[in-house]
Amino acid sequence: MVIGIIGASLSGLIAGEKLARAGHDVTLIEKSRELGGRLATHRIDDDFFDYGVPFLTAQNRKFQSFIDELQSKDLLYQWADSFPLYDGSQLHSINPNRPKAAYYAGKDGLNRVAENLKRWIDIKSEEKAGGLTHIGADRSRKRAWMINLTDITVFECDAVILATPATEAYGILQTAQDETPARRIIRVIDEIQYQPRFALMASYKEETPSWKGIECNDNTLAWIGNESSKSEKQSATNIVIHSSAQFARTYAEKDLDEVAHLLLEKAADIAEPWLAHPKKTYLRHWKYYRARNPLEDYFMELEMEEAPLALIGDYFKGNSAEAAYLSGYHLADYWINKYATAEAEN
Ligand SMILES: Cc1cc2nc3c(=O)[nH]c(=O)nc-3n(C[C@H](O)[C@H](O)[C@H](O)COP(=O)(O)OP(=O)(O)OC[C@H]3O[C@@H](n4cnc5c(N)ncnc54)[C@H](O)[C@@H]3O)c2cc1C
């Protein structure tokens, strides 16, 4: 089958890699220049900031095998086994609420993981999918779907996978609801709500601190990550500061300099006084940090045998990078079996 996947996210790339290895012809359509979605790395020469997910950690065996494979390729390594906790008033040297575990970081930034998965797949980056057209009974056309790109070109395919946050999948699916039974899915994903987050990247001339990251259970901050502790190649002390969801909601429309100032002041208060005075900063607002109310299944399918369409992502069975991986993995497994059987029967 010719499969079009919208979103070069962890879920989209895993599904794409598995389906391509099984012999399908897979093209990924990604609106950004970079691959990985919320597996996001900002680079300045040899320095990098993971300003989306800061590390990977596994509870599921399949995800652990994936991490092990990335370790064997020298892309990931075990970075930490615990973090200090700021509980809103006090800093504890170790988070008492969390058992020790393996936290993996990228040797050269986490989005190298995404780049490693693209080998089997055709990628159209900087191409935004604006909508879908179901070709239906018009058999003068060979394929069941047209993905309409916002530069007015189209991509024709037999099957579509939406690997975007639910809110973005909602917008795309709505364009096909008159021709397909998509309305049921639209109603379900309309319920999914996301928490926002600010991520502030800041560089300093001071020596890199001994801590790797500080979890914060606080009204303003959620995480302070020491990016320079991930690689000896970093030339400056690079820190990523994540706001709480509550702070990101309150300050979504406020002046960005004011937001950065408040985040830096709070980080200085919690960890090191010099954190208030960076050499350089860059602020990113994430509208979709994590789903508040994920769904129970690994993925969702449109009920149309002749025009396969499915939704995957981290809003299925969790709201983590691991959930995104498992969602893509399970859909690919399911489609590989389903369409191999269909081909054998024809
Ligand atoms: C600041 C931050 C901190 C986080 N911390 C953690 C953590 O500690 N632990 C954890 O497990 N997880 C964490 N996460 C969540 C984790 O990053 C996500 O769960 C996971 O990466 C989501 O993957 P995904 O496959 O669902 O999609 P995404 O990564 O959201 O990717 C969707 C992709 O679709 C693309 N796209 C969207 N619309 C279109 C369109 N119309 N056309 C083409 N392309 C489109 C986007 O550009 C994006 O590349 C964090 C996320 C953020 C932002």
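What follows is a student and a tutor talking through a predicted model.

Student: Let's start with Ser-9. Why is Ser-9 called buried?

Tutor: Ser-9 has a relative accessible area of 15%. The cut-off for buried is under 20%, so Ser-9 counts as buried. Ser-9 lies in the loop between strand 1 and helix 1, and touches Gly-36, Gly-37 and Ala-163, leaving aside residues up to four places away in sequence.

Student: What makes the Ser-9 side chain and the backbone nitrogen of Gly-12 a polar contact?

Tutor: A polar atom of that side chain sits 3.1 Å from the Gly-12 nitrogen. The limit is 3.5 Å, so the distance passes.

Student: Now the salt bridges. How many does the rule find?

Tutor: The count comes to 19. One of them joins Asp-74 and Lys-107.

Student: How do you know that Asp-74 and Lys-107 form a salt bridge?

Tutor: Their closest N and O atoms are 2.8 Å apart. The rule asks for a Lys or Arg side-chain nitrogen within 4 Å of an Asp or Glu carboxyl oxygen, so this pair qualifies. The partners come from distant parts of the chain, 33 residues apart: Asp-74 is in the loop between helix 2 and strand 5, and Lys-107 in the loop between strand 8 and helix 3.

Student: And why are Asp-74 and Lys-107 both called partly exposed?

Tutor: Asp-74 has 48% relative accessibility, and Lys-107 has 34%. Partly exposed runs between the 20% and 50% cut-offs, so both land in that class.

Student: What about Lys-205 and Glu-206: which class does each belong to?

Tutor: Lys-205 is at 69%. Exposed means over 50%, so Lys-205 is exposed. Glu-206 has 24% and is partly exposed. Their side chains meet in a salt bridge at 3.6 Å, N to O. By contrast, Glu-227 and Lys-230 are both buried, and their salt bridge has an N to O distance of 3.1 Å.

Student: What makes Arg-43, Asp-108, Arg-112 and Glu-115 a network?

Tutor: Salt bridges that share partners join these four residues. Within that group, Asp-108 bridges to Arg-112 with the closest N and O atoms 2.9 Å apart.

Student: Where do the domains fall?

Tutor: The domain assignment gives domain 1 (1-40 + 110-193 + 293-346) and domain 2 (55-109 + 194-291). Their C-alpha centres lie 30 Å apart, and the contact takes 31 residues from domain 1 and 24 residues from domain 2.

Student: How much area is buried between domain 1 and domain 2, and which atoms give it?

Tutor: About 2300 Å², with carbon and sulfur atoms giving 63%. Arg-38, Leu-110 and Glu-322 supply 28% of what domain 1 buries against domain 2, more than any other three residues. The polar side of this interface includes 10 residue pairs in polar contact and one salt bridge.

Student: Last one: what makes up the largest nonpolar core?

Tutor: That core has 41 residues, and Leu-10, Phe-66 and Trp-335 have the most contacts inside it. Helix 8 gives the largest share, nine residues, and each of the two domains provides at least three. Leu-10 touches several residues farther along the chain, including Phe-66, Leu-117 and Tyr-325.

Student: Why would nonpolar side chains gather like that?

Tutor: In soluble globular proteins, they tend to be buried together.

Terms used. Residues are numbered from 1 along each chain as its sequence is written. This is a predicted model: local features need pLDDT of at least 70, side-chain atom pairs count only at pLDDT 80 or more; totals for chains, interfaces and linings use all residues. Side-chain values use heavy atoms; hydrogens and water are left out. A nonpolar core is a set of buried Ala, Val, Leu, Ile, Met, Phe, Trp, Tyr and Cys residues joined through side-chain atoms within 4.5 Å. Buried means under 20% relative accessible area, exposed over 50%, partly exposed in between (1.4 Å probe, protein chains only). Helices (H or I, at least four residues) and strands (E, at least two) are DSSP runs, numbered from the N terminus. Domain bounds come from an automatic or database domain assignment. Contact means heavy atoms within 4.5 Å. Buried area is the accessible area (1.4 Å probe) that two parts lose on being put together, summed over both. A polar contact is a pair of N or O atoms within 3.5 Å; within protein, one must be able to donate a hydrogen and the other to accept it, and residues adjacent in sequence count only if both atoms are side-chain atoms.
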